[in-house]
Amino acid sequence: MCNSLAPASYRAPEDSDPRKEYPPAPEPLPVPVMDNHTHLDFRHGLIEVAVGDALDAAEAVGVQGAIQVGCDLESSRFTVQAVDADPRLLGAVAIHPNDAPAYAGRGELESALAEIEELARHPRVRAIGETGLDFFRTHGEGLVHQRHSFRRHIDIAKRLGLTLQIHDRDAHDDVVQVLREEGAPERVVFHCFSGGAELARICNENGWYMSFAGTMTFKNAGELREALAIAEPERILVETDSPFLTPHPYRGRPNASYMVPYTVRSMAEVTGAELSELCSRLAANTVSAYGSWD
């Protein structure tokens, strides 16, 4: 089975559904990088993998650290516990834009944001995110709560001096508009960058980071590759958004931080950069965006 090549922690039973198996481990990178965005508390494959085992598997292929990202109170609390437990992790905490309307509907959004701010004071939490706008899954009155939540997260990030990790789905112009109206924090990351060349130029002009996930390897992702090609080298990051967005040729199967090298090698092809130099640049950019892991 192809899955037998996966890290030991990710190997599924021999009679499992291949579509739910973790892919084989890639060739290690020549210079270590970091996974800018992962959800270690989410399960997508057939097996559950401990945080330490997941990070061991990533480290074995040259992914020396990761940003664990919260999307609601439960996952943000998990994030704080995880960054305390393993020094290879830094954290981000937030209420996801698609969850903000539900919190608001229960009359709990402001209290949730207050707790997010308290969690964000942990020294190894370096970002507020993922927050932003999502016009794909949320519509109507829910967008009012999304916008309010986004503005509140921007305020928290600015007051605490933290990086802002943005979730932007089908909402490029509106996300940029809100950032301009509120005044963007010093460091902004477009997580799972999904725009084209126009948004890349805006990010270049404003000094905002663009984090590329496995989506840029998809056959139908020409616009993403065009954006990467014109992105300023000091503004690019790499991520998995695992357990989602597994890179080609394993699209549809579970993702994990150890899969980062597949995306990095694709990024090298698009940019024409030598692989070692690209890895060094990605690592340096990630530290610039979030600070040191030490």
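I take a polar contact to be a pair of N or O atoms within 3.5 Å, where one must be able to donate a hydrogen and the other to accept it. With that in hand I opened this structure, which is a predicted model.

**Entry 1: arginine 88**

I looked up the side chain of arginine 88 and found a polar contact of 2.9 Å to the side chain of aspartate 86. A polar contact of 2.7 Å links the arginine 88 side chain to that of aspartate 56. I then placed arginine 88 along the chain: the residue sits in the loop between helix H2 (73-85) and strand E3 (89-93). Is arginine 88 buried or exposed? I noted a relative accessible area of 17%; buried means under 20%, so arginine 88 counts as buried. Setting aside residues up to four places away in sequence, I listed what arginine 88 touches, including Gly52, Leu55, Glu59, Gln64 and Trp293.

**Entry 2: glutamate 239**

Next I went to glutamate 239, in the loop between strand E8 (236-238) and helix H9 (260-271). Glutamate 239 is buried, at a relative accessible area of 1%. Which side chain makes a polar contact with the side chain of glutamate 239? I found serine 211, at 2.7 Å. Beyond four places in sequence, the contacts of glutamate 239 include Asp35, Asn36, His37, His191 and Cys192. I also checked arginine 43: from C-alpha to C-alpha, glutamate 239 and arginine 43 are 17 Å apart in space, with their positions 196 residues apart in sequence.

**Entry 3: helix H7**

I turned to helix H7 (residues 197-206) and wrote down its buried residues: Ala197, Leu199, Ala200, Ile202, Cys203 and Asn204. An α-helix has 3.6 residues a turn, so residues three or four places apart point the same way. What covers the buried residues of H7? I found strand E5 (163-169), helix H6 (172-182), strand E6 (188-190), strand E7 (209-212) and helix H8 (222-230) among the cover. After H7 comes glycine 207, with a positive phi near 75 degrees.

**Entry 4: the whole chain**

Last, I looked at the protein chain as a whole, which has 10 helices and 8 strands. A compact globule of 294 residues would have a radius of gyration near 19 Å, and the 18 Å of this chain agrees with that. I noted a box of roughly 50 × 40 × 40 Å for the C-alpha atoms, along the principal axes. Of the 294 residues, 57% count as buried. Of the contacts between residues at least 6 apart in sequence, 72% join residues at least 24 apart. The chain exposes about 12,000 Å², with 48% of that supplied by carbon and sulfur atoms. I closed with the charges: the mean positions of the 27 positive and 44 negative ones lie 1 Å apart.

Key
Residues numbered from 1 in each chain as written. Predicted model: local features only at pLDDT ≥ 70, side-chain atom pairs only at ≥ 80, totals over all residues. Heavy atoms only, no water. Helix = DSSP H or I, 4+ residues; strand = E, 2+ residues; numbered from the N terminus. Rg over C-alpha atoms; globule rule 2.2 N^0.38 Å. Buried < 20%, exposed > 50% of the residue type's maximum accessible area, 1.4 Å probe, protein only. Contact = heavy atoms within 4.5 Å. Areas by Shrake-Rupley, 256 points an atom, 1.4 Å probe, with all protein chains shown as cover. Lys, Arg positive; Asp, Glu negative; His and termini not counted. Charge placed at Lys NZ, Arg CZ, Asp CG, Glu CD.
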